[in-house]
Amino acid sequence: MNAFKIVTFQNPSYKKCESCERVKDIFYRCEMLDAKTQTMLCGSFDLCNICGENFADIIGQKVVKERKVGGFSFD
Ligand SMILES: [Zn+2]
């Protein structure tokens with residue numbers, strides 16, 4: 001069991017990443033659960049693409065990126 005849980009957003013929002021403190025597309029939210037029970041949510045922080053994947057690697061969790069292929073892009 002892990003007290004951290006990475007949640008992937010379907011529609012990333014453009015705001016400040018709470019890890020690297022840069023304003024970027026936020027793809028992930030890390031939910032921090034109560035260490036003893038691992039059921040109650042204690043807090044959360046928003047993570048950009050890079051930080052989210054990095055953090056997922058650290059805690060050994062696979063993240064599924066919901067990138068849409070085709071359609072319009074922000075580039
Ligand atoms: Zn970041």
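This briefing describes a sheet, the pairing of its strands, and the helix that packs on it. The model is predicted, and its open sheet holds three strands in the order β1-β2-β3, paired in antiparallel fashion. Because β1 (4-16) and β3 (41-48) stand at the edges and each has a single partner strand, one side of each is left without a neighbour in the sheet. From one strand to the next, the twist averages 25 degrees.

**Pairing of β1 and β2**

- Strands β1 and β2 run antiparallel and are joined by nine bridges, and within this pairing Y14 stands opposite D25 in β2.
- The hairpin formed by β1 and β2 has six residues between the strands, and in this hairpin E21 takes a positive phi near 60 degrees.

**Pairing of β2 and β3**

- Strand β2, which covers residues 23-33, runs antiparallel to β3 and is joined to β3 by seven bridges.
- Two positions help the reader to find this pairing in the structure: Y28 stands opposite L47 in β3, while L33 stands opposite L41 in β3.

**The helix on the sheet**

- Helix α1, made of residues 49-59, packs on the sheet and touches β1, β2 and β3.
- The direction of helix α1 makes about 130 degrees with that of β3.

**A general point for reading the strands**

- In a regular strand, side chains alternate between the two faces of the sheet.

Note on methods
Residues are numbered from 1 along each chain as its sequence is written. This is a predicted model: local features need pLDDT of at least 70, side-chain atom pairs count only at pLDDT 80 or more; totals for chains, interfaces and linings use all residues. Two strands pair if DSSP finds at least two bridges between them. Helices (H or I, at least four residues) and strands (E, at least two) are DSSP runs, numbered from the N terminus. Axes are lines fitted to C-alpha atoms, for helices over the stretch in contact, and angles run from 0 to 180 degrees between N-to-C directions. Two residues are in contact if their C-beta atoms, placed from the backbone, lie within 7 Å.
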